[in-house]
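Visitor: Hi, could you walk me through the places where things bind here? I've got the structure open and don't know where to begin.

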Amino acid sequence: MQLKKETVRKKQLEKLTQSKSTWSKQLNELCLYQKLFALASWKNAKMVAVTLSSGSEIDTKPLILQAWLQNKDICIPRIFPQRQIRFFKLEKQSKIEKSSFGVLQPAKTEKEVSKEKIELVIVPGLAFTQKGERIGFGGGYYDRFLANYHGDTLALADPVRFFPAAIWQAEETDQNIQQILTI
Ligand SMILES: Nc1nc2c(c(=O)[nH]1)N(C=O)[C@@H](CNc1ccc(C(=O)N[C@@H](CCC(=O)O)C(=O)O)cc1)CN2
Ligand SMILES: Nc1ncnc2c1ncn2[C@@H]1O[C@H](COP(=O)(O)OP(=O)(O)OP(=O)(O)O)[C@@H](O)[C@H]1O
């Protein structure tokens, strides 16, 4: 069954809202973090790109704290015109704002990190498949960013976000994620 991405996105948003503040979401997250921290791509990365999560997204705060404990650097995206994202170093004193869409992002006065310096991107999303196909919020921001990115990419998929195979139609611009961590 090949649905439109938009259809699956809406369904996923409903499902994710329901599981938002449950114990099982948190338990799944803990399990995913532990798997992540054991990976070579995590261990070897000095500069890791993550989002500042909110709402029903996988909570990224424990990742950020663990990275800092391990002396890694974190950078977070800010949105720009033409549906672009650029990453800025997250520091303890960084100024954080809310974008028009409602996601948290760094102020543009923070220090920008060039694409070449980012060794691992942890990609957010609403749905992922085993093969690394992905549905996000629909801005195409990560597809554009990843199109000419050469480091490692991975995503954390709890059971609500995970599909063995795509039930949606892929687009030519879709960028697959290298590794999907599941429970
Ligand atoms: N926490 C977090 N931060 C993130 C992302 C994310 O998924 N999670 N992003 C991941 O990419 C980027 C922001 N993503 C965005 C995605 C959509 C729209 C947006 O304007 N959406 C339109 C509808 C899109 C359309 O159909 O054209 C809207 O709701 O008006 C804005 C930002 C960067 N920061
Ligand atoms: N490299 C690109 N160049 C031009 N258009 C693109 C590119 N990548 C994606 N798009 C377009 O952007 C729109 C949104 O893409 P898509 O539905 O894949 O977003 P998403 O991956 O779910 O969102 P996000 O990455 O922001 O979380 C689509 O119409 C897609 O064709």
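Guide: Let's begin with the residue classes around ligand 2. In this predicted model, the shell around ligand 2 holds seven charged, five polar and four nonpolar residues.

Visitor: Okay, and which residues are closest to ligand 2?
Guide: Lys5, Arg134, Gly136, Tyr142 and Asp143 are the closest of the 16 that surround ligand 2.

Visitor: What polar contacts does ligand 2 make with side chains?
Guide: Here are three. A polar side-chain atom of Lys5 is 2.7 Å from an oxygen atom of ligand 2. For Arg9, a side-chain N or O atom is 3.0 Å from an oxygen of the ligand, and for Asp174 that distance is 3.5 Å.

Visitor: How much of ligand 2 gets buried?
Guide: On its own, ligand 2 exposes 650 Å², and the protein buries 74% of that.

Visitor: Which element gives the largest share of its shell?
Guide: That's H5, with four residues. H1 and E9 also give two or more residues each to the shell around ligand 2.

Visitor: Switching over, what's around ligand 1?
Guide: Ligand 1 has 16 residues around it, and Leu52, Glu57, Phe101, Phe137 and Tyr141 come nearest. By class, that shell has 10 nonpolar, four polar and two charged residues.

Visitor: What do Leu52 and Glu57 do there in terms of contacts?
Guide: Leu52 uses its backbone: a polar backbone atom is 2.9 Å from a nitrogen atom of ligand 1. Glu57 uses its side chain, with an N or O atom 2.7 Å from a nitrogen of the ligand. Taken alone, ligand 1 exposes 700 Å², of which the protein buries 73%.

Visitor: Which pocket is ligand 1 in, and which one is ligand 2 in?
Guide: Ligand 1 takes up space in the largest pocket, and the space taken by ligand 2 is the largest pocket too.

Visitor: How much space is in that pocket, and what lines it?
Guide: About 670 Å³. The lining has 33 residues, and Phe137, Gly138, Gly139, Gly140 and Tyr141 lie nearest the centre. Helix H1 (5-19), E2, strand E5 (104-106), strand E9 (134-135) and H5 each give two or more residues to that lining.

Visitor: And the second largest pocket, how much space and which residues?
Guide: That one has about 230 Å³ of space. Its lining is 14 residues, with Leu52, Lys61, Ile64, Leu90 and Leu104 closest to the centre. Helix H4 (residues 61-69) gives the largest share, four residues.

Note on methods: Residues are numbered from 1 along each chain as its sequence is written. Chains are lettered from A and ligands numbered from 1 in the order in which they are written. This is a predicted model: local features need pLDDT of at least 70, side-chain atom pairs count only at pLDDT 80 or more; totals for chains, interfaces and linings use all residues. Side-chain values use heavy atoms; hydrogens and water are left out. A residue is near a molecule or strand if one of its heavy atoms lies within 4 Å of it. A polar contact is a pair of N or O atoms within 3.5 Å; within protein, one must be able to donate a hydrogen and the other to accept it, and residues adjacent in sequence count only if both atoms are side-chain atoms. Accessible areas come from the Shrake-Rupley method with a 1.4 Å probe; for residues, only the protein chains shown count as cover. On a 1 Å grid over the protein atoms alone, a cavity is a set of points where a 1.4 Å probe fits but cannot get out, and a pocket is an open set with protein on both sides within 12 Å along at least five of seven lines; lining residues have an atom within 4 Å of a point. A molecule sits in a cavity or pocket if more than half of its atoms lie within 2 Å of its grid points. Ala, Val, Leu, Ile, Met, Phe, Trp, Tyr, Cys and Pro count as nonpolar, Asp, Glu, Lys and Arg as charged, and the others, Gly among them, as polar. Grid points are joined across faces, edges and corners, and a volume is the space filled by probe spheres set on the points.
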